[in-house]
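Reader: I am new to this structure and should be grateful for a guided introduction. May we proceed by question and answer?

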Amino acid sequence: MAKFYTVKIGRKPGIYLTWDECKQQVDKFKGAVYKSFNSKDEAEVFLEEKKIKVDNGLIAYVDGSYNIKTKEYGFGCVIIEGQQVIKEMYGKGNDEDYVSMRNVAGEILGSICAMEYAKNNGYAQICIYYDYEGIEKWANRLWKANKIGTQAYQKKVAMYRKTLEICFVKVLAHSGDFYNERADKLAKKAVGING
């Protein structure tokens, strides 16, 4: 199946047919926004959408990890205001309702933690950058929440949306995105994985 890589913010915004072409536009480009699609129409819609505007808001990069030995999931979260990292957070859990989701559980926890931080610190908006698509799809009810953990996540997002504007941006995992890699390292640290 053909893939279309849309660079919204990068060296040269546009639609690319290979990851290598896309990577040239976004690799080590601070604040790059890009996403892959299965259809050209979807790629064009994403490119034409207005640039994400964050007034009185935050950007959060979240990621998850899982330690198979300890059966613990962990999250990493990097909070950015303007161009500056203002907080890094990480933590872990072993709740039975989440353990079967492994690293996805950690990414869910990181997303919730980011929303909670924004709400508790008086921000009106947060844009969450993630690499597992369920983070956005469950939040926006595009995917059915079949597990207790995903159902709880949907409820939390709905609760936070009463006072907080929340948007999501997908990044490619392990593609060299600096803050995504940092969130990944924090998630691993949370569960005692070196790397």
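**Salt bridges and the two domains**

Reader: Is Lys188 buried or exposed?
Author: In this predicted model, local features need pLDDT of at least 70 and side-chain atom pairs count only at pLDDT 80 or more, while totals for chains, interfaces and linings use all residues. Residues are numbered from 1 along each chain as its sequence is written, and side-chain values use heavy atoms, without hydrogens and water. Because its relative accessible area is 19%, Lys188 falls on the buried side of the cut-offs (buried under 20%, exposed over 50%, partly exposed in between; 1.4 Å probe, protein chains only): Lys188 is buried.

Reader: Which residue forms a salt bridge with Lys188?
Author: The closest N and O atoms of this salt bridge (Lys or Arg side-chain nitrogen within 4 Å of an Asp or Glu carboxyl oxygen) are 2.8 Å apart. Both partners lie in helix α7 (residues 178-190), four residues apart, about one turn of the helix; helices (H or I, at least four residues) and strands (E, at least two) are DSSP runs. The partner is itself buried, at 9% relative accessibility. It is Asp184.

Reader: How many salt bridges does the rule find across the interface of domain 1 and domain 2?
Author: Domain 1 spans 4-48 and domain 2 spans 58-191, with bounds from an automatic or database assignment. The rule gives five salt bridges in total. Across the interface of domain 1 and domain 2, the number is one.

Reader: How far apart in sequence are the parts tied together by Glu136 and Lys35?
Author: The side chains of Glu136 and Lys35 meet in a salt bridge at 3.9 Å, N to O. Glu136 is buried at 15% relative accessibility, and Lys35 is buried at 19%. Glu136 belongs to helix α5 (residues 134-139) and Lys35 to strand β3, so the pair ties together parts whose separation in sequence is 101 residues.

Reader: How many residues of domain 2 are in contact with domain 1?
Author: The C-alpha centres of domain 1 and domain 2 lie 23 Å apart. Nine residues of domain 1 are in contact (heavy atoms within 4.5 Å) with residues of domain 2, and the latter number 10.

Reader: What is the distance between the closest N and O atoms of Lys137 and Glu133?
Author: Lys137 is partly exposed at 24% relative accessibility, and Glu133 is partly exposed at 33%. Lys137 and Glu133 form a salt bridge, and their closest N and O atoms are separated by 3.0 Å.
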